Amino acid sequence: MLLIVITACQHCDYLVSIAHMDKHQRAICPHCGNTLANCKIDYNQSINAFGLSSILFLLVSLHPHFISYAQHGLKQSISLIEAISLLGTNFSALLAGLLAFTILLMPLAALILIMLAHSPFWRHLNPINARIIVRSLMVLKPLNLADIFLVAVLISAFKLTEFAEIEVGLGFWSYILFVLCFIETLSLLSKEQLWEREQITYCPDEKTCAPRALQQSLKKCHVCGQLSKETRCPRCTTKLKFRKANSLEKSAAWMITAMVLLVPALALPIMDTINLGLHTKATIYSGVEVMWHAGSYPVAILIFVASICIPIIKGVALFYLIYQVKRCTKPKLASKLYRALEFMGKWSMIDVFVVILLVSLVQLGTVLSVEPQSGIVFFTAMVLCQIISVNHFDPRLLWDNLNKNE
């Protein structure tokens, strides 16, 4: 059972009292609807079980037979490690590094840190080392692209069926199981329950509380959630700030950069398919057209929404939020929009992974091969800029000018 006396919502800065949460319950901010805390049954046991299963399935997914394809009597079977090596050797070390980090290194690092934080060693760590682990997990958790990669694998396999016979192996099925266990592990991860083992060193008096933390000169630690008036968090020693520094300027700058990059990303070809010596260069939109005319309507719609609609919607929505900061009359609705932007961020990476996979998996010379083009570089940079832009925006600013005299 989780007990938190008072906490400040990270999206609206309102002070909320949470007490006596039962198992499987979660606390929702009554002002903006943001999830404040979760309480799960068998927390440590479950997260260790799924974490260990994730590591085992990830290791098995490196089996030599991940996917194989055959055309005109030529057959090739390839593993994830071979795909990454082939991509780095023949085309781009940058794309190979991105693939290795997102599907192997990042998940493995996150799982090791999660299991360390939920082992008996956690209680013996000093606050500084505990802060490093939690901050690392906070950085790695939003970078989870394993589910996006899995969707991209399915789309790539579907595209390959137009040119060759496809067969999936043990590595492929193991990676599916890894993704399912990894997603469940991340969903069980609770920063509140992790820091509950440390003593709360400061809690405001509920009777004298102003409605919002800022009005009482309280800062919320973004690492452990501690409320304090000090310069540094008394629990994990993180430097405390009332708001993210230059939030609007940084957010706008990164989004403007992203929208500029979107133009060449959509205009330039992202890959070149070589089938029996015939080169076919494809942009994102032409790829959608091909899938639509081939009758693959769900795949065409998914790529169109994720790679074309979402980047444009995110740009418009973020500038709308920046505009709303000074005169927001419906901050609760604006906060929901911000949470939607956080959720949508990584789905634009589907096309990036599709191209990377096709390039790394399909190499049969002039018979059948795929080569990356300049458009994919611009598109990858655009997606990363949008993710950084949304991360820099501080949603608490939407509430700062509302009811100042409250």
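Reader: Where does S217 lie?

Author: S217 lies in the loop between α7 and β8, where helices (H or I, at least four residues) and strands (E, at least two) are DSSP runs numbered from the N terminus. This is a predicted model, in which local features need pLDDT of at least 70 and side-chain atom pairs count only at pLDDT 80 or more, while totals for chains, interfaces and linings use all residues. Residues are numbered from 1 along each chain as its sequence is written, and side-chain values use heavy atoms, with hydrogens and water left out.

Reader: What is the phi of S217?

Author: S217 is not a glycine, yet its phi is positive, at about 60°. Most residues other than glycine have a negative phi.

Reader: Is S217 buried, exposed or partly exposed?

Author: S217 counts as partly exposed because its relative accessible area is 39%; buried means under 20%, exposed over 50%, and partly exposed in between, with a 1.4 Å probe and protein chains only.

Reader: And N246, what is its phi, and where is it found?

Author: N246 also is not a glycine and has a positive phi, of about 50°. N246 is found in the loop between β9 and α8.

Reader: Turning to charges, how many salt bridges are there?

Author: The count is 4 salt bridges, each being a side-chain nitrogen of Lys or Arg within 4 Å of a carboxyl oxygen of Asp or Glu.

Reader: Which residue pairs with D13?

Author: D13 forms a salt bridge with R243, and their closest N and O atoms are 3.1 Å apart. D13 is in the loop between β1 (2–8) and β2 (15–21), and R243 is in the loop between β9 (227–228) and α8 (247–267), so distant parts of the chain, 230 residues apart, are linked. D13 and R243 are both buried.

Reader: What about R212, which side chain does it meet?

Author: The side chain of R212 meets that of D400 in a salt bridge of 3.0 Å, N to O. This pair ties together parts 188 residues apart in sequence, because R212 lies in the loop between α7 and β8 (219–220) and D400 in helix α14 (residues 397–400). R212 and D400 are buried. Salt bridges that share partners join D13, R212, R243 and D400 into one network.

Reader: Which partner does R396 have?

Author: R396 meets D394 in a salt bridge, at 2.9 Å from N to O, and both residues are buried.

Reader: Now the interior: what is the volume of the largest cavity, and what lines it?

Author: The volume of the largest cavity is about 50 Å³. A cavity is a set of points on a 1 Å grid over the protein atoms alone where a 1.4 Å probe fits but cannot get out, and lining residues have an atom within 4 Å of a point. Grid points are joined across faces, edges and corners, and the volume is the space filled by probe spheres set on the points. The lining includes K159, M271, T283 and D351.

Reader: Which helix gives the most to that lining?

Author: Helix α9 (residues 284–293) does, with 3 residues.

Reader: And on the surface, which residues make the nonpolar patch?

Author: Y285, W292, Y297, I301, F304 and V305 make a nonpolar surface patch of about 580 Å². Patch residues have over 30% relative accessible area and no salt bridge; like charges are joined within 9 Å, and nonpolar side chains (Val, Leu, Ile, Met, Phe, Trp, Tyr) within 5 Å. Accessible areas come from the Shrake-Rupley method with a 1.4 Å probe, and for residues only the protein chains shown count as cover.

Reader: Which helix gives the most to the patch?

Author: α10 gives the most, with 4 residues. Y297 is found in helix α10 and counts as partly exposed, at 42% relative accessibility.

Definitions and conventions
1 Å grid on protein atoms, 1.4 Å probe; cavity = no way out; pocket = protein on both sides within 12 Å on 5 of 7 lines; lining within 4 Å.
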